[in-house]
Amino acid sequence: MTTPGSDPLRTPTGSTGTPGTTTGPATAGPATTGGTTTPQRHPVRTAGRTAGRTLALALLLFVTVLLVLFVVYNTQTVEISLVFVDVQAPLVLALVIAAALGGLLVGLAGLVLRARRRSS
């Protein structure tokens with residue numbers, strides 16, 4: 001039985017820390033070392049998330065500005081010679097299509113190499 005006003009689950013917080021005065025888990029309160037109280041280890045994660053979101057937003061803004069400038073400075077019309085047809089299109093469209101086709105080709109090559117590694 002405990003005395004009135006005492007919490008049976010609270011750990012001792014006195015400087016002596018004598019066992020047997022209260023019962024309960026030892027990690028419920030802050031640890032005491034030589035009269036100084038050390039805080040519990042609960043890292044503040046909101047500051048890291050805020051910094052990460054700010055960095056991601058800044059990077060997104062930077063890339064968007066670069067893409068807009070890329071489109072603005074590459075508006076001239078160029079002639080694209082395909083196998084059987086010659087087509088006139090804006091330079092930016094030709095560059096974006098070429099980049100997309102190159103990325104698709106690299107992605108497919110990666111899939112083929114991954115499939116070869118798995119089968120052997």
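## Working through a two-helix, four-strand model

Ser119 sits in helix H2, which covers residues 91-119. Keep in mind throughout that this is a predicted model.

**Exercise 1. Decide whether Ser119 is buried or exposed, and find which backbone oxygen its side chain lies 3.0 Å from.**

Step 1: Take the relative accessibility of Ser119, which is 65%. Step 2: Hold that against the cut-off, where exposed means over 50%. Ser119 therefore counts as exposed. Step 3: Look around the side chain for a partner. A polar atom of the Ser119 side chain lies 3.0 Å from the backbone oxygen of Arg116.

**Exercise 2. Lay out the elements of the protein from the N terminus on.**

Step 1: Count them up: you should get 2 helices and 4 strands. Step 2: Walk the chain from the N terminus, and the order reads β-β-α-β-β-α.

**Exercise 3. Work out how strands E3 and E4 are joined.**

Step 1: Place the strands. E3 spans residues 77-81, and E4 spans residues 86-90. Step 2: Check the link: a hairpin of 4 residues takes you from E3 to E4. Step 3: Check the pairing. The two strands run antiparallel, with 5 bridges between them. Step 4: Pick out some partners in E4. Thr77 is bridged to Pro90, while Val78 has Ala89 as its partner. Step 5: Ask how covered E3 is. Of its 5 residues, 0 are buried, so E3 lies largely in the open.

**Exercise 4. Say where Asn74 is found and whether it is buried or exposed.**

Step 1: Locate Asn74: you'll find it in the loop between H1 and E3. Step 2: Its relative accessibility is 14%, and buried means under 20%. Asn74 therefore counts as buried. Step 3: List what Asn74 touches, skipping residues up to four places away in sequence: that leaves Leu91 and Val92.

**Exercise 5. Find which residues make the nonpolar surface patch of about 610 Å², and say where Leu61 fits in.**

Step 1: Collect the members of the patch: Leu61, Val65, Val68, Leu69, Val72 and Tyr73. Step 2: Put Leu61 on the map; its place is in helix H1, residues 46-73. Step 3: Leu61 has 57% relative accessibility, so it counts as exposed.

**Exercise 6. Zoom out: what share of the residues is buried, and how much accessible surface does the protein have?**

Step 1: Of the 120 residues, 5% count as buried. Step 2: The accessible surface comes to about 10600 Å², with 68% of it belonging to carbon and sulfur atoms. Step 3: Now for contacts along the chain. Among those between residues at least 6 apart in sequence, 4% join residues at least 24 apart.

Definitions and conventions. Residues are numbered from 1 along each chain as its sequence is written. This is a predicted model: local features need pLDDT of at least 70, side-chain atom pairs count only at pLDDT 80 or more; totals for chains, interfaces and linings use all residues. Side-chain values use heavy atoms; hydrogens and water are left out. Buried means under 20% relative accessible area, exposed over 50%, partly exposed in between (1.4 Å probe, protein chains only). Contact means heavy atoms within 4.5 Å. Accessible areas come from the Shrake-Rupley method with a 1.4 Å probe; for residues, only the protein chains shown count as cover. Patches are made of residues with over 30% relative accessible area and no salt bridge: like charges are joined within 9 Å, nonpolar side chains (Val, Leu, Ile, Met, Phe, Trp, Tyr) within 5 Å. A salt bridge is a side-chain nitrogen of Lys or Arg within 4 Å of a carboxyl oxygen of Asp or Glu. A polar contact is a pair of N or O atoms within 3.5 Å; within protein, one must be able to donate a hydrogen and the other to accept it, and residues adjacent in sequence count only if both atoms are side-chain atoms. Two strands pair if DSSP finds at least two bridges between them.
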